[in-house]
Each structure stands twice: as structure tokens, then as C-alpha cells.
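Q: Please pick one part of this model and take me through it closely, in plain language. After that, tell me how it ties in with the rest of the chain.

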Amino acid sequence: MPAADADPVTSSPARSRPKAPPRSRALNAEALEQLGAPRLAELLMAQAKGDPALARTLRLALAGTDGSGRLAVEVEKRLRTIGRSRGFIEWDKVRPLARELDSLRETIAGPLAATDPRAAVAQMRLLLSLADNVFERSDDGSGTLGEVFRGVGADLGRLWSQVPNRDPVALAADVLTLWDADGYGETDRLLEAAGPALGPEGRAELRRLLQARLVALPRPRKEDAFEGWQGRGQIAFRLRDLADLEGDVDAFIAATEAGGRAEDFAGDIAERLLAHGRPAEALAWLDRAPERHESEEVRHTDLRLAALDALGRQDEAHALRWAAFQRWLTPQHLRPYLRALPGFDDVEAKERAMAHALEHPDRNLALAFLVTWPNLEAANRLVRAHHAEMDGRDYGRLRPAAEALAERYPAAATLLHRALAEDVLRRTASRQYGYAARDVRACASLAPLLTEEPGLENHGAFLARVRREHGRKTGFWALLEGQA
């Protein structure tokens, strides 16, 4: 073809494609260093004018360059300002305050402690003392503030170790004073962190102080109400923590008995006895335990199994594992039970276990077990036979089961998604309408996989029935139809 007929746009060597825009550079410390100190200072000053939190952080950083004395003064000034505040801390201000308090904690534990450990201890104690004021002025539903103050308590314990020529006996008294002032659990991690600073002498003094308090209290009668035992229980709790710090199981038991109602802590005692190679004593304590909540009963069963195994009482452990599975449908008990069976007995036992699960009165629990095991064929049978008996509020079990069954058993998955959605609508749980809409959409995606069979509505019939029964719940329908 003659050159004159060539496309001038595609063939001209003088024209080229537009260059792609340069990639944006990642925001990281190395990239920012290239801006240089003057430019960074300008940017920070501009931002700090409208950001009080950043301004305070910068002031602390500058104070740190002038030595520990100036830094301690700046930290204390801010802490006392917070301590004098009396206004309620609204929910949207809780996290910013928590971040500032945590930043102050890091400043005290880091730069200040590196140059003046004594000043760091003083400021960390001041920070810890703010707990009551802060908690009383806020709603710490998220636990954010609590986590910050527990970190403060732990840091205080660690800082004590950095103070030269510390007096462990006086330190024991300090620990007790802080415990007495604790109204919100801010000293939960104090003792463990302070262990090295206390040393054997400080721990012995702390035990002496606690035991003296215990002796001074009148011992309640066995039939007295909980309040009568509460003071002893609090002291015993501290003595148990001290015993754990020293790895002394006998001291732990003695402290528990001194606090009263030691059988209520049988699981804790048995756990420690097992760790110290004393399984027979662990069993004796478990025999004393009263009946507890299901989760605690499972824990006690696991401890009993560990004790029986340690004692070589395999037949008893074997029978207990089967009994535990029958009661709670727990895979962690069934698997070792099956492994211990000789020959091909495990095949028959597994079939017996699946049959037991299918007949278990708690249908939701049975479904969760069968999906977890996994035996999806049996889970499908359970859903098809008993879906009307399943609790639609149990989304933690039903929704994962529906998702697991969807590929091989779409009808069973559909029935579960419908149960979840209809339960929300029956309860008019408007905050959960979004989940209900999600489940109905899941039903729609499974609809092409369904076959016509008696007793199973097709998706159109299901939607029509739901609209008849719940047509006035406009919030749900708006979500389902994408209008909200």
C-alpha cells in the first residue's frame, strides 16, 4: 500500500502514545525523610493548628529533647489537666482519649524511663490514679479505656525494676495500696509485672500483709450469704495470684480455702495440681466441685480426663469420653474415643455416634456437630427432617451450616436461610433486617438448583407467602429491593 494511504495517527513516527501518569509514592517514613526537616516542620505546624492532640504530642516530643526534667513537667501538666476534668466523655470522644492516654503511657515508659526511672514511676502512678475519674465520666462499653489502664498498671510494675536501690518491703506496701484503690480492674496485671522488682523479700512481705488482713476478718459461717464472704474472697484472690507468681500450688490451695467455698474453684486447683504432676489430688478436688454452667462442666470433664490418663485409668477415661460426647456432641471427645477402639470397631462406633447426633434433642447443636465433623449427608438429613424445630436466632450455627450445605444440598441450605430470615421478621427485629435480606438473597441464588418436591416451596411461593405475612415491614422490603 502506498505510504500516502497509511493512517497518519498510527503510523507517524513523530506521534506517540500519551505517557501514563507517574505512580504515587507510598506514604512511609523513608519517603517523608526526603522532604527534609524544614518542609516537614511546616506541614506539622499547619496540621497542629487544627489538631490539639497532635499539638500536645509535638510539645511532648520537644520537651524530651530538653531532658527528663522538662518532659516530666509536661507529662504531669497534661495528666493533672485530665484529672481535673469533670464533664461527661461522649462515646465519640472515648477512643481519642484512650489514644492520648496510651500515648502518655508510651512516653513515660519509653523516653522518660530511659533517662529518669524514678520520675517515670511517679508519672505512671499519677496516670494510673486517673482511672476512677475517667471511668466515672464515660461509658467504656468497648473496653478500650480498660485495656489502656491495665497496660498502665503493667508498665508501672515493670518500671519499678528500673529504679536503683529500691526497697522491696516498701514496694509490697505500694502494691497493696494500689490494689485497695482499684475500682475498675486497672491493676489486674500489676503483680505479675512487678514480680522481678518485688523479689522473694517483697513477695514474702506482701503475703504477710495479706494474711494479716485475713486473720483480722471474722470468719463467716458456712450458711452466710455471699456478701459475708466477699471481703475474705478478695484477699484470697490476691493470695492466689501471689501463689501463681511463685508457682506454689499448695499456697494456691491454702489461699483458696482461706477465702471460703474452695470447692467453687475446684477446676482451678485441679488444673494446677495436674501441671505439678499430682493427678490423684486433682481428681479428688474435681469430685468436690458443684454442678456448674455447661462450659465449666466441659472444662472439668477435660481436666478429669487428663487426670485419668495420667493415672493410667484408660477404661474410665474411655467411658467418660463417650459419655461427654453423648451429652455435648463434642468432637474433641469423640475423636480420641474412636482412636482408642481396636480393629474396625471404630466404624461401628462412628455410625452409632452419627445416629446419636441425629436423635439429639438440641437440633442446632446436632447440626453444628455434623457440619464440623464433617458429615454433610447426615446434616442434610437432619435439616430436612427437623428444620421446623431449629432456633432461627442461632445464626452462629445455622448460617455457617447453610453455607457448608449449599453446594451439595441446596434444599437444606435454602431451608436454613429461610429459617433465619423468617425468625427475624417474626420478631420484627428491625436492626437485623439487613441479615434477613441477605438470607433471602441467598435463597434466590439457590432457587435454580431446587427440584420440585412435596413440602418444599419454590422460591416464588416462599416470597409470596413472606410478603403476605410480613408485607408491612417496609424496612425489610426496602433493603431486599435495594432501596435502602
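A: Start with L329, which is found in the loop between α17 and α18 (331-339). This is a predicted model, in which local features need pLDDT of at least 70 and side-chain atom pairs count only at pLDDT 80 or more, while totals for chains, interfaces and linings use all residues. Residues are numbered from 1 along each chain as its sequence is written, and side-chain values use heavy atoms, with hydrogens and water left out. The helix names come from DSSP runs numbered from the N terminus (H or I, at least four residues, for a helix; E, at least two, for a strand).

L329 is not a glycine, yet its phi is positive, near 55°. With a relative accessible area of 3%, L329 is buried. Here "buried" means under 20% relative accessible area, "exposed" means over 50%, and "partly exposed" is in between (1.4 Å probe, protein chains only). For a comparison, look at R261, another residue other than glycine with a positive phi near 55°. R261 sits in the loop between α13 and α14, and at 33% relative accessibility it counts as partly exposed.

Now step back into helix α17 (residues 314-328), which holds both W322 and F325, three residues apart, or about one turn of the helix. W322 and F325 are both buried. How do you put a pair of rings into numbers? You describe it by the distance of the centres and the angle of the planes. Rings of Phe, Tyr and Trp (its six-membered ring) pair if their centres lie within 6.5 Å; planes under 30 degrees apart are stacked, over 60 edge-to-face, and the rest tilted. A search of the whole structure turns up eight such pairs. One of them is stacked because the rings of F135 and Y184 have centres 4.7 Å apart and planes at 25°. That pair links distant parts of the chain, 49 residues apart: F135 is in helix α8 (residues 131-136) and Y184 is in the loop between α10 (168-181) and α11 (190-216). F135 is buried at 10% relative accessible area, whereas Y184, at 38%, is partly exposed. Back in α17, W322 and F325 make a tilted pair, with 5.5 Å centre to centre and 35° between the planes.

W322 has further company. Ring pairs link W322, F325, Y337, F369 and W373 into a cluster. The charged end of R352 also sits over the ring of W322, 4.8 Å from its centre. For a charge to count as over a ring, NZ of Lys or CZ of Arg must be within 6 Å of the ring centre and within 35 degrees of the ring normal. R240 does something similar elsewhere, lying over the face of F265 at 4.4 Å from the ring centre.

Follow the cluster to W373 and you meet a cis peptide bond, which joins W373 to P374 with omega at about 0°. P374 is found in the loop between α20 (363-372) and α21 (376-386).

Where does W322 fit in the wider fold? That takes us to the nonpolar cores: sets of buried Ala, Val, Leu, Ile, Met, Phe, Trp, Tyr and Cys residues joined through side-chain atoms within 4.5 Å. The largest one has 53 residues, and I108, L127, W160 and L206 have the most contacts inside it. Helix α11 gives this core its largest share, nine residues. Apart from that core lies another, of 40 residues, and W322 is among its members, along with V371, L376 and A406. In soluble globular proteins, nonpolar side chains tend to be buried together.

A last look at the whole chain helps you place this region. The secondary structure comes to 26 helices and zero strands, and buried residues make up 43% of the 484 residues. Of the contacts (heavy atoms within 4.5 Å) with a separation of 6 or more, 61% are between residues 24 or more positions apart.
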